[in-house]
Amino acid sequence: MTGQLNRRVSVGLRTALMGALTACLAFTIAGAGGGTAAAGTTGAETLPLSGATTSGLHNTYDPAAFTHLAQALDTGTSMIELDVWDDYFTQEWKVSHDSLTSNSNNCVNASTPADLYTGSANKDLESCLDDVRVWLGAHPGHAPLIIKLEMKAGFQANFGMSPAKLDQSISAHLGNLVFKPNDLLNKPGGGQYATLDDAAKANNWPTRQALAGKVIFEIIPGTVEENNPTDSLWTDKEYAGYLRDLHTQGRTAQANIFPSVHSAQAGDPRTRYSDTSLRPWFVVFDGDAATYLGGSIDTSWYDTRHYLLIMTDAQNVPPALDDTNPAVADARARITALAKAHATVASNDWRGLPDVQSMVVPRG
């Protein structure tokens with residue numbers, strides 16, 4: 001696969017974290033199985049997507065984490081993550097942690113709600129999207145769900161595995177459930193903003209209520225891609241360029257995904273792109289939570305511009321919490337603390353904590 005390989009804190013802080021939990025008004029949404037929302041939810045649905053902080057699950061497709069993908073959704077989480085490989089031999093989008101040629105996941109290709117917790121797993125990306133569609137159909141009015149795609153080795157457009165093909169797969173299996181970049185561009189009174197940057201700065205994000213039952217995709221370069229010395233076109237650049245070009249052609253509605261700037265960085269991380277025409281097509285940023293909170297990054301920069309900020313490995317912000325099963329009070333305090341630090345999603349591996357996964361906290 002050489003040649004044209006198209007991408008791809010201390011005791012003091014613990015006190016602060018716990019204090020933040022009581023100082024900041026927290027909301028919860030429908031939790032496991034789409035059950036009744038907890039007391040104190042009034043107003044949560046009126047927050048714009050950019051004005052709230054939620055919890056998200058890392059590597060949700062992993063069968064070691066959940067036997068079925070639907071069980072991850074049952075936690076009430078606001079984000080799931082799928083690792084995707086472009087198998088250009090079979091023209092499939094494979095879902096696994098480390099295999100290009102085989103699926104290793106908990107997706108079962110459900111057709112009805114009864115199918116979500118039965119049948120054989122290890123299906124392709126389209127099957128995972130079918131499971132999401134069927135689950136959402138069984139939980140009408142569910143809070144907006146972010147699906148994070150990590151393109152492990154990037155796209156292989158020269159072998160048929162392009163951004164356009166991925167968009168076609170998403171459209172075929174989720175259809176109008178997707179909140180697209182074009183939807184952010186559309187002005188309420190008609191017309192469009194010139195770029196996603198203009199639309200985000202105008203806080204054109206709908207309220208969470210308006211986005212109920214919707215899916216928002218973000219995409220990042222993968223670990224293999226970022227470590228491939230022959231790869232000069234990573235997923236972020238490739239998808240942003242594709243999105244920019246679609247807009248120039250009047251075909252922005254074809255795109256289903258928001259490209260993310262990957263890895264925490266001080267200042268405006270988009271300056272890494274020498275092609276300045278790509279920069280206004282990034283309004284989602286994704287990086288390590290501990291780095292964002294390390295003191296060198298002004299995370300309010302993201303919030304004041306209404307950009308979405310995904311903070312990963314929330315458990316590793318000092319003082320570190322248990323990777324998978326911290327005390328509920330500590331985990332809730334961590335989500336609230338990251339909300340005060342302007343996160344949109346605090347990603348973690350707290351699989352058995354639905355009271356944490358279903359949190360909705362005002363951002364900032």
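Where does His-306 lie? Please keep that question in mind for a moment while I say that what we have on the screen is a predicted model. The answer is that His-306 sits in the loop between α10, residues 300-304, and β9, and its phi is near 60°, which is a positive value in a residue other than glycine.

Ser-263 can be introduced in a similar way, since its phi is near 90°, again a positive value in a residue other than glycine. You will find Ser-263 in the loop between β7, residues 257-262, and β8, residues 284-288, and with a relative accessibility of 35% this serine counts as partly exposed.

While we are looking at the backbone, let me also point to the peptide bond that runs from Pro-318 to Pro-319, which is cis, with omega near -5°. Pro-319 belongs to the loop between β9, residues 308-312, and α11, residues 328-340.

Let me turn now to the helices, beginning with α3, residues 125-138, and α4, residues 163-174, which pack at an angle of about 35° with their axes 9 Å apart. Their crossing is right-handed. On the α3 side the contact is made by Leu-125, Glu-126, Leu-129, Asp-130, Val-132 and Arg-133, and on the α4 side by Leu-166, Ser-169, Ile-170, His-173 and Leu-174. If we sort the residues of this contact by character, we find six nonpolar, two polar and three charged.

Helix α4 has a further partner, namely α8, residues 235-248, and here the axes come within 10 Å and cross at roughly 75°. Because angles of 65 to 115 degrees count as roughly perpendicular, α4 and α8 are described as roughly perpendicular to each other. The residues that make this contact are Pro-163, Ala-164 and Asp-167 from α4, together with Glu-238, Tyr-239 and Tyr-242 from α8, and they divide into four nonpolar, no polar and two charged.

Next come the aromatic rings, where a search of the whole structure finds 14 aromatic pairs. One of them joins Phe-179 and Trp-205, whose rings are 6.2 Å apart, centre to centre, with 40° between the planes, so that the pair is classed as tilted. Phe-179 lies in the loop between α4 and α5, and Trp-205 in the loop between α6 and β6, so the pair ties together parts that are 26 residues apart in sequence. Are these two residues buried or exposed? Both Phe-179 and Trp-205 are buried. Elsewhere, ring pairs link Phe-285, Tyr-292, Trp-301, Tyr-302 and Tyr-307 into a cluster.

I would like to finish with two individual residues, and to begin with Val-224, which is found in helix α7, residues 223-226. Val-224 is partly exposed, with a relative accessible area of 34%. Although 72 residues separate Val-224 from Lys-152 in sequence, the two are 5.5 Å apart in space, C-alpha to C-alpha. Not counting residues up to four places away in sequence, Val-224 touches Trp-85, Lys-152 and Ala-153.

The other residue is Lys-123, in the loop between β4, residues 92-95, and α3, and at 22% relative accessibility this lysine counts as partly exposed. Lys-123 and Asn-105 are 18 residues apart in sequence, and in space their C-alpha atoms are 6.9 Å apart. Leaving aside neighbours within four places in sequence, the contacts of Lys-123 are Val-95, Asn-103, Asn-105, Cys-107, Val-108 and Asn-109.

Conventions: Residues numbered from 1 in each chain as written. Predicted model: local features only at pLDDT ≥ 70, side-chain atom pairs only at ≥ 80, totals over all residues. Heavy atoms only, no water. Axes fitted to C-alpha atoms, helices over the stretch in contact; angles between N-to-C directions. Helix = DSSP H or I, 4+ residues; strand = E, 2+ residues; numbered from the N terminus. Left-handed = near helix turned anticlockwise from the far one by under 90°. Contact = heavy atoms within 4.5 Å. Nonpolar A, V, L, I, M, F, W, Y, C, P; charged D, E, K, R; others polar. Parallel < 35°, antiparallel > 145°, perpendicular 65-115°, else oblique. Phe/Tyr/Trp six-rings, centres within 6.5 Å; stacked < 30°, edge-to-face > 60°. Buried < 20%, exposed > 50% of the residue type's maximum accessible area, 1.4 Å probe, protein only.
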